[in-house]
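User: Hi! I'm new to reading protein structures and would like to practise on this one. Could we go through it together?

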Amino acid sequence: YWSTWSARQPWRQSSREVASSYFRNHVEPGLGGRPLNTLRRGDIEAWGSGLAVADRTARQIIQYVSTMLDAAVADGLIASNPARGASRPRVESQPILPFTSTDVDALRGAAPDWFRVALDLGLGAGLRQSEATGLTVDRVDFLRRQVVVDRQLVSPVVGEPAFGPPKSNRSYRTVPLADAVVEGLALHLERFGPGQHGIILHAPDGSPMRRQRFGERWRTTRVSAGLPGARFHDTRHTFASVLLSGGVSVAAAAEYLGHSPAELLRTYAHLVPQDHDR
């Protein structure tokens with residue numbers, strides 16, 4: 001049933017690959033071969049509690065199965081969804097900790113010259129990794145000091161990377177750039193030029209930075225900087241912190257990050273300065 005159900009889902013290619021990987025590695029070994037009408041809530045809970053992955057990932061895998069079983073109910077194959085109401089691993093949310101200025105200096109010092117522009121795009125524009133690697137020169141307006149985010153670089157498991165739509169409809173946005181970011185982008189292009197298709201953040205040979213290659217370079221940079229746990233996504237958190245601590249409104253900050261105001265507050269409320277701090 002998974003094959004039938006997943007084939008009709010309007011997923012993007014990256015989402016389809018993730019879901020297929022979850023099913024192949026975690027769902028099929030534990031539940032594969034079971035007739036749908038034999039599954040009980042206890043079966044789902046026992047299987048879910050034994051998943052050898054992080055709690056957050058386990059919740060995602062269980063959610064895929066639950067969504068599939070909802071569809072099986074709608075298709076008239078089972079009377080109810082045994083995953084609905086089943087207990088799931090609890091995910092303890094960790095507060096967002098932006099990089100300090102010392103951390104930023106260490107990362108800049110550790111990054112190769114050609115890779116330093118990744119920090120400009122993450123810290124200075126709040127771009128996600130795939131948005132940064134998919135940014136081309138024609139999306140940067142140096143005169144108006146802004147960048148248009150309307151696509152990302154998708155790196156399939158098989159085949160060449162290609163441009164794809166952003167993560168969500170809210171991810172389509174225009175982000176204003178500080179003078180330092182504009183200067184950093186201009187300096188990078190002067191020294192290294194655009195790569196294939198006009199890509200700004202590219203490998204030394206001009207080819208697009210696949211997700212795997214970017215990850216390898218980032219891990220090397222963070223270890224050299226003495227920040228082994230740092231994630232590139234933390235540069236985006238730092239951008240949000242700078243906006244909010246600088247007095248940018250929640251609505252504007254949400255627009256620049258591609259969030260809804262409610263989502264931004266859920267994630268970054270603790271970074272909004274109190275009135276007496278202002």
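Analyst: Happy to help; we will take the overall build, then the cores, the ring pairs, the hollow spaces and two single residues.

User: Let's begin with the whole chain. What share of its 278 residues counts as buried?

Analyst: Please keep in mind that this is a predicted model. The secondary structure comes to twelve helices and five strands, and the C-alpha atoms fill a box of roughly 65 × 50 × 35 Å along the principal axes. A residue is called buried when its relative accessible area is under 20%. By that cut-off, the buried share of the 278 residues is 44%.

User: How much of the contact total, counting separations of 6 or more, comes from residues 24 or more positions apart?

Analyst: Here we count contacts by how far apart the partners sit along the chain. Among contacts with a separation of 6 or more, the part due to residues 24 or more positions apart is 61%.

User: Now the inside. Which helix gives the largest share of the largest nonpolar core?

Analyst: This core has 45 residues, and Phe115, Leu177, Leu185, Phe214, Trp218 and Tyr268 touch the most other members. Several elements supply at least two residues each, including α5 (101–110), β2 (146–149), α8 (179–192) and α9 (211–224). The largest share, six residues, comes from α6.

User: How many residues are in the other core, the one with Trp5 and Tyr64?

Analyst: In general, nonpolar side chains of soluble globular proteins tend to be buried together. In this model another core lies apart from the largest one, with Trp5, Ala19, Tyr64 and Ala86 among its members. Its residue count is 24.

User: Leucine 177 was in your list for the largest core. Which residues is leucine 177 in contact with, leaving aside neighbours within four places in sequence?

Analyst: Leucine 177 is one of the core residues that touch the most other members. With the sequence neighbours set aside, its contacts are Gly124, Ala125, Val140, Arg145, Gln146, Val147, Val182 and Leu185.

User: Let's look at rings. Why is the pair of tryptophan 2 and phenylalanine 23 classed as it is?

Analyst: Tryptophan 2 belongs to helix α1 (residues 2–7) and phenylalanine 23 to helix α2, 21 residues apart. Both residues are buried. Planes under 30 degrees apart count as stacked. The two ring centres are 4.6 Å apart and the planes meet at 10°, so this pair is stacked.

User: And what kind of pair do phenylalanine 115 and phenylalanine 214 form?

Analyst: Phenylalanine 115 lies in the loop between α5 and α6, while phenylalanine 214 is in helix α9, 99 residues apart. Both are buried. Their centres are 5.2 Å apart with 55° between the planes, and this aromatic pair is tilted.

User: Which residues do ring pairs link into a cluster?

Analyst: We have just met tryptophan 2 and phenylalanine 23 as a stacked pair. Both also belong to the cluster, whose members are Trp2, Trp5, Trp11, Tyr22, Phe23 and Tyr64.

User: Next, the hollow spaces. Which element supplies the largest share of the lining of the largest pocket?

Analyst: The largest pocket has a volume of about 2,000 Å³. Its lining has 45 residues, with Gln60, Lys167, Arg211, Arg231 and His233 nearest the centre, and divides into 14 nonpolar, 16 polar and 15 charged. The largest share, seven residues, comes from α2.

User: How many residues lining the largest cavity are charged?

Analyst: The structure holds one cavity of 30 Å³ or more, and about 40 Å³ of space lies in the largest cavity. Glu131, Gly134, Leu135, Arg139, Val148, Val149, Asp150 and Arg151 line this cavity. They divide into three nonpolar and one polar, and the number of charged residues is four.

User: Two single residues to finish. Is glycine 193 buried or exposed?

Analyst: Glycine 193 lies in the loop between α8 and α9, and it touches His188 and His202, not counting residues up to four places away in sequence. Its relative accessible area is 14%. Buried means under 20%, so glycine 193 is buried.

User: What about threonine 174: which exposure class does it fall in?

Analyst: Threonine 174 lies in strand β5 (residues 173–176). Beyond residues up to four places away in sequence, it touches Gln146, Val147, Val148 and Tyr256. Its relative accessible area is 33%. Buried is under 20% and exposed is over 50%, with the in-between class left for this value, so threonine 174 is partly exposed.

Notes
Residues numbered from 1 in each chain as written. Predicted model: local features only at pLDDT ≥ 70, side-chain atom pairs only at ≥ 80, totals over all residues. Heavy atoms only, no water. Core = buried A, V, L, I, M, F, W, Y, C linked by side-chain atoms within 4.5 Å. Buried < 20%, exposed > 50% of the residue type's maximum accessible area, 1.4 Å probe, protein only. Helix = DSSP H or I, 4+ residues; strand = E, 2+ residues; numbered from the N terminus. Contact = heavy atoms within 4.5 Å. 1 Å grid on protein atoms, 1.4 Å probe; cavity = no way out; pocket = protein on both sides within 12 Å on 5 of 7 lines; lining within 4 Å. Points joined across faces, edges and corners; volume = space filled by probe spheres on them. Nonpolar A, V, L, I, M, F, W, Y, C, P; charged D, E, K, R; others polar. Phe/Tyr/Trp six-rings, centres within 6.5 Å; stacked < 30°, edge-to-face > 60°.
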